[in-house]
Amino acid sequence: MTVEIINPATGQVTYRHELMDAAAIEQRLQAAAEAFPRWAERSLQDRGAILKQIAGQLRARRDDLQQAMTSEMGKLKAEALAEVEKCATTCEFYADHAADYLKPQLIDTEAQRSYVRYEPIGCVFAVMPWNFPIWQVFRFLAPAFMAGNVALLKHASNVPQCADLILAVCRDGGLPDGVFDVLHIDNDQAADVLRDARVKAVTLTGSERAGRSIASNAGSQLKKSVMELGGSDAFVVLDDADLDKAIAAAVKSRFDNSGQTCIAAKRFIVVEAVADEFTRRFVEAAGERQYGDPNERGTTLAPMARADLRDELHKQVQASVAKGARVLIGGEPIAGSHAGYPASVLDQVGPGMPAYDEELFGPVAAVIRVKDEAEALRVANDTRFGLGGSVWTRDPVRGESFAQRMECGAAFVNAIVKSDARLPFGGSKESGFGRELADHGIHEFMNIKTIYVA
């Protein structure tokens, strides 16, 4: 089967590739199985040295990686270059810190010696998305490699060149054959790979629908899984917030990456005492985002990754307006573009609207007005999602108390929710389960083994 890749900025087919057949998949599964024991026996120092070489290759190939991201999913040039650098620093972070994360944990018992030992489990199958096509992969790869695991990647179908470049970077960085490979396969083939006995675990970043399917498959095989799914993060503005900082952060969090970010602020929950001023200034700032060629320096709003995603977002906007939401800016596809949607703000959003109940995965902000802090917390938690959230206030003690009561995997006070190699990342409720990054991320795909010596 031939897959065509369309540049979202131009609408032109820029690349074609073939899906793998059963023989090619089998070859990679067997290579991973054979590579695992050799890789697991390598010292942490050896694995760390290779990971640092991979970091160097990421920087050396930064322009190639940027071009692939921009042409395949429309990412702004500056954002793509920053993504590559984040991957490189994360590789270096795990190379430097894995030894501390993986050292045996001594436990005081009646035994002569008892401790917890961390051991790799084998081949981890990764199903990754298109919105951060380099970062999402290395967010899992760096700790997996340092843990001594091997990996197979099924990347999103619209970013095959990104997947192949990641493989090239790893090989050029000195990663042995079989430790990591790419599978250009469809969803049915992916289900078969997950059922293969040589695959020991799966990690997925993607939609709820994909998460339910993969997690169900993994559960039926009694295989460990980590699911990082959708989010509808609350951005709560209390009555004492510094509006200058809050508005600057709101625009960045909602419209960077054309709004196609799981942890982007999506529901702007604003206390009525400051709602009019916040909304007016937020709309003005959103209007400054300039749509255009993502390779051009002056462009500050990229196209969405695919035209069908743009069309689905617009349906959500139309359905919300039909139920009473007001469009303050934007709200219509950009005329003459293939996948362009403007920075948009909806006001008077409430329950029963897609803008309130669903994830808007694109450059549309939903403003929800509330009476006071108590109502703000209730609305922030009134969602089936639980990935991240932020609260804005001049009183950090008040903000921390609010953050502790938010039902999500990460709550930030006076800062945009972000992923950081030093901090665990993941969600609650229907945003998934398990954690990536920090020590929690490296432990997810390890056998946490008790040793007891009487």
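This section describes the pockets and cavities of a predicted model, together with a helix, a strand and a loop residue.

The largest pocket encloses about 1,500 Å³ of space. Its lining is made up of 50 residues, of which Trp130, Gly206, Ser207, Arg209 and Ala210 are the closest to its centre. Helix H6 (160–172), helix H7 (187–195), strand S8 (199–205), helix H8 (208–220) and helix H11 (307–322) each contribute at least two residues to the lining of this pocket, and the most, 6 residues, come from H8. When the lining of the largest pocket is sorted by class, 25 residues are nonpolar, 14 are polar and 11 are charged.

The second largest pocket holds about 620 Å³ of space. It is lined by 23 residues, and those closest to its centre are Lys86, Phe132, Lys252, Asp256 and Thr261. Two or more residues of this lining are given by each of helix H4 (77–102), helix H5 (135–147) and helix H9 (243–255), with H4 providing the largest share, 4 residues. The lining of the second largest pocket comprises 9 nonpolar, 5 polar and 9 charged residues.

Enclosed spaces were also identified, and the count comes to 3 cavities of 30 Å³ or more. The largest cavity has about 100 Å³ of space, and among the 14 residues that line it, Phe140, Pro143, Gly441, Glu444 and Phe445 are the closest to its centre. Helices H5 and H15 (438–444) each give two or more residues to the lining of the largest cavity, the largest share of which, 5 residues, comes from H5. By class, this lining contains 7 nonpolar, 3 polar and 4 charged residues. The second largest cavity, with a volume of about 70 Å³, is likewise lined by 14 residues, and Arg267, Ala380, Gly388, Glu407 and Cys408 lie nearest its centre. Strand S10 (233–237) and strand S15 (388–392) each supply at least two residues of the lining of the second largest cavity, which has 5 nonpolar, 6 polar and 3 charged residues.

Helix H11, one of the elements that line the largest pocket, has 16 residues, which at 1.5 Å a residue should span 22 Å, and the 23 Å between its end C-alpha atoms agrees with this expectation. Its buried residues are Ala307, Arg310, Leu313, His314, Gln316, Val317 and Ser320, and their cover includes strand S13 (344–347), helix H12 (354–357) and strand S14 (364–370). In an α-helix, residues three or four places apart point the same way, because there are 3.6 residues a turn. Just after H11, Gly324 adopts a positive phi of about 120 degrees.

Strand S6 (residues 150–154) is largely enclosed by the rest of the structure, because 5 of its 5 residues are buried. Both of its faces are covered, with Val150, Leu152 and Lys154 buried on one side and Ala151 and Leu153 buried on the other. S6 pairs with strand S5 (residues 123–127) in the parallel sense over 5 bridges, and Lys154 in S6 is the bridge partner of Val127.

The loop between S5 and H5 contains Asn131, which counts as buried because its relative accessibility is 2%. Leaving aside residues up to four places away in sequence, Asn131 touches Met73, Lys75, Gln136, Asn257, Gln260, Thr261, Cys262 and Phe361. One of these contacts, Thr261, is also among the residues closest to the centre of the second largest pocket.

Key:
Residues numbered from 1 in each chain as written. Predicted model: local features only at pLDDT ≥ 70, side-chain atom pairs only at ≥ 80, totals over all residues. Heavy atoms only, no water. 1 Å grid on protein atoms, 1.4 Å probe; cavity = no way out; pocket = protein on both sides within 12 Å on 5 of 7 lines; lining within 4 Å. Points joined across faces, edges and corners; volume = space filled by probe spheres on them. Nonpolar A, V, L, I, M, F, W, Y, C, P; charged D, E, K, R; others polar. Expected span 1.5 Å × (residues − 1). Buried < 20%, exposed > 50% of the residue type's maximum accessible area, 1.4 Å probe, protein only. Contact = heavy atoms within 4.5 Å. Pairing = 2+ DSSP bridges.
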